[in-house]
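Visitor: Please take a close look at a single part of this model, the cavities and what lies around them. I would like the cut-offs stated along with the values.

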Amino acid sequence: MDGIVLLKDDHKTVEKLFKRFEKAGEKAHAEKRKIVDRVIDELTTHTWIEEKIFYPAVREAAPDTKDHVLESVEEHHVMVWLLSELKDLDPADERFDAKMTVLIENVRHHVEEEEKEWFPDVREAMGRNRLTELGQQMAEAKKNAPGKPLSVPSAG
């Protein structure tokens, strides 16, 4: 699997979780907690492999994408702080749903930019072999990715 396909698969997984969250009832606190915990795990791993492996490789292969990478890292910064706050927030807290809604909006914006505006250029610049190599590296790195959102480099 190439690196872009791996990242898009992650995006689909998270989008399904977002939809489950949005369909859960207002008082479905236990269900929302489970969904959010899974979102935290998925997004922490995803952002970590992007920042540690994918973004540096892209900057090397396509230097003209530097601004997009920098913007993405800043979007990650906002996201991992929201994740860290959600991690310890009681789902019955009146801010829980609002915080999750802000996260969902930010992630959807980020995914749309990556998939529609950026990934096609990255695919062209890197080629199939390099993307396959990156996909293997990222899949392997997922096994050792940290579980805490503030462990992602952009958190600092």
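Guide: What follows deals with the cavities, then with a helix contact and an aromatic pair. The model is predicted: local features need pLDDT of at least 70, side-chain atom pairs count only at pLDDT 80 or more, and totals for chains, interfaces and linings use all residues. Residues are numbered from 1 along each chain as its sequence is written, and side-chain values use heavy atoms, with hydrogens and water left out.

The structure holds 2 cavities of 30 Å³ or more. A cavity here is a set of points, on a 1 Å grid over the protein atoms alone, where a 1.4 Å probe fits but cannot get out; lining residues have an atom within 4 Å of a point. Grid points are joined across faces, edges and corners, and a volume is the space filled by probe spheres set on the points.

The largest cavity has a volume of about 90 Å³. Its lining consists of Asp10, His11, Val14, Leu43, His46, Thr47, His76, Met79, Val107, His110 and Val111. At least two of the lining residues come from each of helix 1 (3–23), helix 2, helix 3 (66–88) and helix 4. Helices are DSSP runs (H or I, at least four residues), numbered from the N terminus. By class, this lining has 5 nonpolar, 5 polar and 1 charged residues. Ala, Val, Leu, Ile, Met, Phe, Trp, Tyr, Cys and Pro count as nonpolar, Asp, Glu, Lys and Arg as charged, and the others, Gly among them, as polar.

The second largest cavity holds about 40 Å³ of space. Glu75, Val78, Met79, Asn106, Val107 and His110 line this cavity, with helix 3 and helix 4 each supplying at least two of the residues. The classes here are 3 nonpolar, 2 polar and 1 charged.

Helix 2 (residues 29–61) and helix 4 (residues 94–142) have axes that come within 8 Å and cross at roughly 40°. Axes are lines fitted to C-alpha atoms, for helices over the stretch in contact, and angles run from 0 to 180 degrees between N-to-C directions. The two helices are therefore oblique to each other (angles under 35 degrees count as roughly parallel, over 145 as roughly antiparallel, 65 to 115 as roughly perpendicular and the rest as oblique). Their contact has 24 nonpolar, 3 polar and 7 charged residues.

The structure holds 6 aromatic pairs. In one of them, the rings of Phe54 and Trp118 have centres 6.0 Å apart and planes at 90°, so the pair is edge-to-face. Rings of Phe, Tyr and Trp (its six-membered ring) pair if their centres lie within 6.5 Å; planes under 30 degrees apart count as stacked, over 60 as edge-to-face and the rest as tilted. Phe54 lies in helix 2 and Trp118 in helix 4, so this pair ties together parts that are 64 residues apart in sequence.

Technical notes
1 Å grid on protein atoms, 1.4 Å probe; cavity = no way out; pocket = protein on both sides within 12 Å on 5 of 7 lines; lining within 4 Å.
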